[in-house]
Amino acid sequence: MRYASPLMVYVEGGQFSMGCTNDQQGSCESDESPAHFVRLSDFYIGETEVTQGLWQAVMGTSIYQQRDKANSSWGMFGVGTNYPMYYVNQSEAKNFCNELSRKTGLSFNLPTEAQWEYAAKGAGTEY
């Protein structure tokens, strides 16, 4: 089956404050405090979430099959090739990265928590 690799975005490394800020106190989990500085090297991250179309092309399972593995009574929150994939646990996500790497000859992995937070905050923006 043919599929397109995910579009990756280059993120220039830098330093940022990771965790719960003073402004967020009261709305943070206990493991998010205290905020601390983290330095990251350059990295790439997916431009969007993994789509249902890419997941099915790489892993061979549909959103319905993933839902049924988790709990067949759970609802659906959007179905289509361009919708984000859901009902995936961390082990399955790691397997997806390994399989995508095998099929493309490139190296894919899950972002670390720090990489994800840095990219979500706008990478390089002072906080």
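1. Order of elements. In this predicted model, the protein chain runs β-β-β-β-α-α-α-α when read along the sequence. The secondary structure thus comprises four strands and four helices.

2. Overall dimensions and contacts. The C-alpha atoms occupy a box of roughly 45 × 35 × 20 Å along the principal axes. Among contacts in the protein chain with a separation of 6 or more, 64% join residues 24 or more positions apart.

3. Burial and surface. Of the 127 residues in the protein chain, 29% are buried. The exposed area is about 8700 Å², and carbon and sulfur atoms supply 49% of that area. As to charge, the chain carries 8 positive and 14 negative charges, and the mean positions of the two sets are 13 Å apart.

4. Nonpolar cores. The largest nonpolar core consists of 11 residues, among them L54, W55, V58, F96, C97 and L100. Two or more residues of this core come from each of α1 (52-59) and α3 (90-104). A second, separate core contains nine residues, including V11, F16, V38 and A114. In soluble globular proteins, nonpolar side chains tend to be buried together.

5. Aromatic pairs: Y10 and Y44. The structure holds eight aromatic pairs. In one of them, the ring centres of Y10 and Y44 lie 5.5 Å apart with the planes at 65°; because this angle is over 60 degrees, the pair is classed as edge-to-face. Y10 belongs to strand β1 (residues 8-11) and Y44 to strand β4 (residues 43-46), so the pair ties together parts that are 34 residues apart in sequence. Y10 is partly exposed, at 42% relative accessibility, while Y44 is exposed, at 56%.

6. Aromatic pairs: F16 and Y118. The ring centres of F16 and Y118 are 5.1 Å apart and their planes meet at 50°, so this pair counts as tilted. The pair links distant parts of the chain, with F16 in strand β2 (residues 14-18) and Y118 in helix α4 (residues 113-120), 102 residues apart. Relative accessibility is 4% for F16, which is therefore buried under the 20% cut-off. Y118 is likewise buried, at 2%. F16 is also a member of the second core.

7. Aromatic cluster. W74, F77, Y86 and Y87 form one aromatic cluster. Y86 and Y87 also appear in the largest nonpolar core, alongside residues such as M85 and F108.

Technical notes: Residues are numbered from 1 along each chain as its sequence is written. This is a predicted model: local features need pLDDT of at least 70, side-chain atom pairs count only at pLDDT 80 or more; totals for chains, interfaces and linings use all residues. Side-chain values use heavy atoms; hydrogens and water are left out. A nonpolar core is a set of buried Ala, Val, Leu, Ile, Met, Phe, Trp, Tyr and Cys residues joined through side-chain atoms within 4.5 Å. Buried means under 20% relative accessible area, exposed over 50%, partly exposed in between (1.4 Å probe, protein chains only). Contact means heavy atoms within 4.5 Å. Accessible areas come from the Shrake-Rupley method with a 1.4 Å probe; for residues, only the protein chains shown count as cover. Lys and Arg count as positive and Asp and Glu as negative; His and the chain ends are not counted. The place of a charge is taken as NZ of Lys, CZ of Arg, CG of Asp or CD of Glu. Rings of Phe, Tyr and Trp (its six-membered ring) pair if their centres lie within 6.5 Å; planes under 30 degrees apart count as stacked, over 60 as edge-to-face and the rest as tilted.
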